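Open the model in a viewer with a cartoon display and keep the selection panel at hand. The stops below go from the core outwards to the chain as a whole.

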Amino acid sequence: MGNKREGRSGDMSGYRSHFLVNFLIRAVLGMAVIFFANQFLEAGGHALHVGLNPLTFCTSGVFGMPGVALLYGIAFYQGL
């Protein structure tokens with residue numbers, strides 16, 4: 001029977017790469033949702049707009065779709 005630690009040597013780097021891939025997927029999809037939601041709202045004549053910038057990229061990457069909803073909630077609240 002081998003040492004159980006032998007099979008776990010690459011776990012931390014695998015976790016980091018898994019986290020990075022998930023972050024990038026959430027961020028890119030979040031930016032796409034923001035882009036299309038802005039287009040949809042603009043076509044409907046609504047003044048609600050969320051910018052595409054590094055802060056929104058990070059917010060959507062960390063929080064995913066709830067983060068995108070949070071950004072639109074903040075934009076709505078500022079527009080009141």
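This is a predicted model. Start by selecting Met31, Ile34, Leu41, Val50, Val68, Leu71, Tyr72 and Ala75 and showing their side chains: these 8 residues form the largest nonpolar core. Two elements each give two or more residues to this core, α1 (11-43) and α3 (65-78). Colour α3 next, since the largest share of the core, 4 residues, comes from this helix.

Stay in the core and centre on Leu41. Which residues is Leu41 in contact with, once its neighbours within four places in sequence are left aside? They are His46, Leu48 and Tyr72.

Now move to helix α2, residues 54-63. Select Thr56, Thr59, Ser60 and Gly61, which are the buried residues of this helix. At the start of α2, show Asn53 and Leu55: a side-chain oxygen of Asn53 comes to within 3.0 Å of the backbone nitrogen of Leu55. Then go past the other end of the helix to Gly64, which follows α2 and has a positive phi, near 75°.

Finally, zoom out to the whole chain. The chain holds 3 helices and 0 strands, in the order α-α-α from the N terminus. Switch on the surface: the accessible area is about 6,200 Å², and carbon and sulfur atoms account for 68% of that. Of the 80 residues, 22% count as buried. A contact map is a useful last view: among contacts with a separation of 6 or more, 63% join residues 24 or more positions apart.

Notes:
Residues numbered from 1 in each chain as written. Predicted model: local features only at pLDDT ≥ 70, side-chain atom pairs only at ≥ 80, totals over all residues. Heavy atoms only, no water. Core = buried A, V, L, I, M, F, W, Y, C linked by side-chain atoms within 4.5 Å. Buried < 20%, exposed > 50% of the residue type's maximum accessible area, 1.4 Å probe, protein only. Contact = heavy atoms within 4.5 Å. Polar contact = N/O pair within 3.5 Å; in protein donor to acceptor, adjacent residues only side chain to side chain. Areas by Shrake-Rupley, 256 points an atom, 1.4 Å probe, with all protein chains shown as cover.
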